[in-house]
Number of protein chains: 2
Amino acid sequence: MTRHDPTRVIRPPMGSDLTCRSWLTEAPLRMLMNNLHPDVAERPEDLVVYGGVGRAARDWESYDRIVETLRRLGDDETLLVQSGKPVGVFRTHADAPRVLIANSNLVPRWATWEHFNELDRKGLAMYGQMTAGSWIYIGAQGIVQGTYETFVEMGRQHYAGDLSGRWLLTAGLGGMGAAQPLAAVMAGASCLAIECQPSRIEMRLRTGYLDRATESLDEALAIIEQSCRDRAPVSVGLLGNACELLPEIYARGVRPDLLTDQTSAHDPVNGYLPKGWSLERWAAMREQAPDQVEDAARASMAEHVEAMLAFRAAGVPTVDYGNNIRQVAKDAGVANAFDFPGFVPAYIRPLFCRGIGPFRWAALSGDPEDIYRTDAKVKELIPDNPHLHNWLDMARERIRFQGLPARICWVGLGDRHRLGLAFNEMVARGELKAPVVIGRDHLDSGSVASPNRETEAMRDGSDAVSDWPLLNALLNTASGATWVSLHHGGGVGMGYSQHAGMVIVCDGSDAAARRIERVLWNDPATGVMRHADAGYEIALEVAREKQLDLPGILG
Amino acid sequence: MTRHDPTRVIRPPMGSDLTCRSWLTEAPLRMLMNNLHPDVAERPEDLVVYGGVGRAARDWESYDRIVETLRRLGDDETLLVQSGKPVGVFRTHADAPRVLIANSNLVPRWATWEHFNELDRKGLAMYGQMTAGSWIYIGAQGIVQGTYETFVEMGRQHYAGDLSGRWLLTAGLGGMGAAQPLAAVMAGASCLAIECQPSRIEMRLRTGYLDRATESLDEALAIIEQSCRDRAPVSVGLLGNACELLPEIYARGVRPDLLTDQTSAHDPVNGYLPKGWSLERWAAMREQAPDQVEDAARASMAEHVEAMLAFRAAGVPTVDYGNNIRQVAKDAGVANAFDFPGFVPAYIRPLFCRGIGPFRWAALSGDPEDIYRTDAKVKELIPDNPHLHNWLDMARERIRFQGLPARICWVGLGDRHRLGLAFNEMVARGELKAPVVIGRDHLDSGSVASPNRETEAMRDGSDAVSDWPLLNALLNTASGATWVSLHHGGGVGMGYSQHAGMVIVCDGSDAAARRIERVLWNDPATGVMRHADAGYEIALEVAREKQLDLPGILG
Ligand SMILES: NC(=O)c1ccc[n+]([C@@H]2O[C@H](COP(=O)([O-])OP(=O)(O)OC[C@H]3O[C@@H](n4cnc5c(N)ncnc54)[C@H](O)[C@@H]3O)[C@@H](O)[C@H]2O)c1
Ligand SMILES: NC(=O)c1ccc[n+]([C@@H]2O[C@H](COP(=O)([O-])OP(=O)(O)OC[C@H]3O[C@@H](n4cnc5c(N)ncnc54)[C@H](O)[C@@H]3O)[C@@H](O)[C@H]2O)c1
């Protein structure tokens, strides 16, 4: 089992020639490789894509075998991937998925980081995060729009829709966290982001996610102050440990206008630098004494959350950004850790009720023009949504592509299948250079059960019911998605979530059109269904308006 | 929400006329109803089929809506059932399942009886057990062969293959447990089964699973002693509490030749009568103070296991029969509760390595002759297996059908699809009066992760990895099973297992033949794959012999 191999540099094939037997297998091949592209993955030499140790394949041997297998896979066969290892190829049929994936799933009583890490050390496991192990991560871009939508909504709720002259304080510039400075600036606010690893800060500067960087708190605060005075939003990366700097900022009497955090708190062994530790000590101790790292990280996170609670008590709108840091702090004794809300119930749920979520697509050709053409198509098909048009313009201007060009657009039930069919048409007519894949985050309306994040504080108390993501995966399989995945522990860590992914290929064929119409309708419809069942009025209305057939819910 | 309705008496339609639009929807309708047939279900008025509170539908309203929906469902539509409630109908295609089911699934950190019961009281949950909520329970018969195979294997390992003059001591004559006395007698041993509910004993006498009954321990022991002396196996139901009687039997110096237990220990609130309690008190307290029932039941189970350990120490071969009683006792402080093994690693795993497990089918016509004809076909197609022929003969002679006539036969990879195709042919040729459905228990080779039962003590330590049952369900969906289910907590209770079911219809069509060939090959093949991945030599051999395509396992 080889996990670390710095000689490996993976880039997907581009252009319109096949290296597999069809686009239905070429697509997962390119997307797997794209997840490990040097501009996309956080630590490609370790197969780590993002989010702590979220991997695309279990080890390099498994990676090689997946690639070999996809190259030979027929269009009536299905490859099974078990925690990043290709375990079997079975005869299915043309309308069945080509790849079925299950990552990191553990029987509940054993669903802890402790047991997972034990299995992982034996080579029996892989952490798939959400889109790492399901091959539809598209770089920090994937999260920018969600982060932007969240900040815009925060501005609406707390500052009457105007974030100019305001600033956000946060930490973590990893795969997801890096979206924060860019999204904040897009939303009109400045951003101070604390990050402990110089390499992360450098990467964000290089890829245009971050405007400036400093190692000095004084300098950082001065830049922010000036930018707010000038109403000229800027983002600053500050090298340091959030757990040390937050209390210091508080003590100085400085108050941000918004506060959150995106360190990898969901993974106490690998994701959070303990207070007072050097990066070298952190790296060494993760190898030698992971238990000690975990204890120290948990204690530090408790202090971190206490600092957040202090800001909150001082009137700063504070939100948990989906990394489970409140739960860790609560388990470490911070009784009121859940006093500040999660971002989903606070800002995102109304969108989920309409089946709206992080819809995304990638151009397998590798040609940015293909994405620009789809951007134009989206505007054409959804003409009356200025917010969306504005997003597309800003995205084109501000977001550099990483790996295969891709786009994210929060759209919902009723729009997704129309866009998919239109893209498929464009492929058929030769308007795009190669097929396009369409997928989404597992963080979506019908695809996840995660009581500390996506399903926090559901109206009917059904936060922990995970029948929903399982049904979502089964239905996407039955509807003909090209690949389907079922994961455990994404976002918030082992024990805290179950979620499903799907990706579908637009290869321009009629058969693809039939599958696209089913999958891209059914998938968001399960989200409307789940929220309608929980009693949300908006979801019930949308279900009626879209004439969903929900026997036990609509009667 | 109506859960109790004594006016309801459900019997499936029989014969060869459709009440739905096709056999693909008629089949789940008849099998759902069959699960609730008065001769099949333990408490049909409460929708309880077996195994504690294993239900077929969440409540009577949900039952009615499922029935209505199946009656109108088209052959390009799929019904989603979420914990026994029909939540949605979606457009899929002819080769997709007609019903997809997810029951009792909870995000791990919340996967406890406590949280489940809270949801259940709010009407948000249903316990599906294994085949109750997935509509392929066929009465105690379903378990008889597994129990018989287990007892035969116990005889082989401990008594040189000869159980004559020997006796088994056990408890629990519920839906599954009732198989024990019959299977013991079939295997050549006498059986003393302790059961606390008179109604259960009466039902087993009436249906031929039990030979005799008594309320007196003296009388029971006398009958057993006599039968052993005469080498004339007999089964005796003894009314009483196992937790009280086991220590007494031990104290008297009486030693059985085999010892096990099938009370519903997996469900401490509903499944185990505490020591010293009357049935009336038990029933009343379950309503009023479930927590107190649970505490008392756990303490009693600890004493029960201590008695089992004492017998074991005295040399009596003792085995946990899959009800999680060791775990309950361990949690209650019995440190050495796991000193006696579970029945799977002890007796069943070698079969699982070949993909052999509780394969079963039912005649939708309701005509026993249909089953006798399939029995003959099995003998014809598997001519060289005297053990199997013997089983079929005994089953025909000794096992009364309950509800729709059905048969169980432990067969594996390579045989299952041949039998399925042959049955489908028989339907096509009019040799059977109506279509047949083929399914299996969730307790099967590739469909379950349950570290205290089916996956106890796996060779590589992967007991708790539940990617396997999830992949099994996804693959069966992709292969075209007629209905597919994913459950949590079956057999061993909340938190301890995840498992999948599948049923496929033989309607005599060519399309069905193609689906049958795929599903009944792929499904057991996932079991061989799972055991090959864990390093079992037999499974690796079978995988090679059957030329399975297992890239990451066989290389
Ligand atoms: N809100 C969402 O939509 C969403 C989506 C996906 C993931 N997440 C969660 O957000 C978190 C971050 O995700 P990611 O992909 O960016 O993870 P990542 O592991 O790539 O990045 C985390 C970053 O935090 C930094 N960090 C760790 N400890 C620190 C400390 N004490 N002080 C300062 N910096 C520290 C690390 O150096 C790293 O760069 C995860 O918990 C993830 O599950 C949220
Ligand atoms: N080994 C297997 O293959 C297998 C398969 C399925 C289920 N099981 C497990 O076996 C157990 C029994 O299943 P079931 O379907 O028969 O359950 P059930 O609930 O229908 O029956 C349990 C029986 O135990 C009796 N009982 C409870 N407490 C008792 C006590 N203290 N003394 C005497 N009798 C008592 C009950 O009255 C009831 O009749 C369950 O835990 C189930 O999960 C095992």
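This section describes the domain arrangement, one helix and the chain interface of a predicted model.

The domain assignment divides chain A into domain 1 (23-121), domain 2 (141-341) and domain 3 (347-547). The centres of domain 1 of chain A and domain 2 of chain A, taken over C-alpha atoms, are separated by 31 Å. Their contact involves 10 residues from domain 1 of chain A and 13 residues from domain 2 of chain A. Between them, these two domains bury about 910 Å², of which 53% lies on carbon and sulfur atoms. On the side of domain 1 of chain A, the most area is lost to domain 2 of chain A by E42(A), Y50(A) and W113(A), which together account for 52% of what that side buries.

Polar interactions were also computed for this domain interface. Two salt bridges are found across the interface of domain 1 of chain A and domain 2 of chain A. E42(A) is engaged in a salt bridge with R200(A), with 3.1 Å between the closest N and O atoms. Six residue pairs, both members at pLDDT 80 or more, are in polar contact across the interface of the two domains. Helix α3 (residues 113-121) of chain A supplies three residues, the largest share of the side of domain 1 of chain A that touches domain 2 of chain A. That side comprises four nonpolar, three polar and three charged residues.

Helix α12 of chain A spans residues 343-353, and its residues F343(A), V344(A), Y347(A), I348(A), R349(A), F352(A) and C353(A) are buried. The packing partners of the buried residues of α12(A) are α4 (141-159), β11 (357-363), β12 (406-411), α17 (510-533) and α18 (537-545) of chain A. After α12(A) comes G355(A), which has a positive phi near 75°.

The contact between the chains takes 75 residues from chain B and 75 residues from chain A. Chain B and chain A bury about 6200 Å² between them, with 64% of this area on carbon and sulfur atoms. Six salt bridges are counted between chain B and chain A. K85(A) and D533(B) form a salt bridge through their side chains, at an N to O distance of 2.6 Å. In addition, 34 residue pairs, both at pLDDT 80 or more, are in polar contact across the interface of chain B and chain A. Helix α16 (residues 467-479) of chain B contributes 10 residues, the largest share of the side of chain B that touches chain A. By class, this side of chain B consists of 37 nonpolar, 25 polar and 13 charged residues.

How values were computed: Residues are numbered from 1 along each chain as its sequence is written. Chains are lettered from A and ligands numbered from 1 in the order in which they are written. This is a predicted model: local features need pLDDT of at least 70, side-chain atom pairs count only at pLDDT 80 or more; totals for chains, interfaces and linings use all residues. Side-chain values use heavy atoms; hydrogens and water are left out. Domain bounds come from an automatic or database domain assignment. Contact means heavy atoms within 4.5 Å. Buried area is the accessible area (1.4 Å probe) that two parts lose on being put together, summed over both. A salt bridge is a side-chain nitrogen of Lys or Arg within 4 Å of a carboxyl oxygen of Asp or Glu. A polar contact is a pair of N or O atoms within 3.5 Å; within protein, one must be able to donate a hydrogen and the other to accept it, and residues adjacent in sequence count only if both atoms are side-chain atoms. Helices (H or I, at least four residues) and strands (E, at least two) are DSSP runs, numbered from the N terminus. Ala, Val, Leu, Ile, Met, Phe, Trp, Tyr, Cys and Pro count as nonpolar, Asp, Glu, Lys and Arg as charged, and the others, Gly among them, as polar. Buried means under 20% relative accessible area, exposed over 50%, partly exposed in between (1.4 Å probe, protein chains only).
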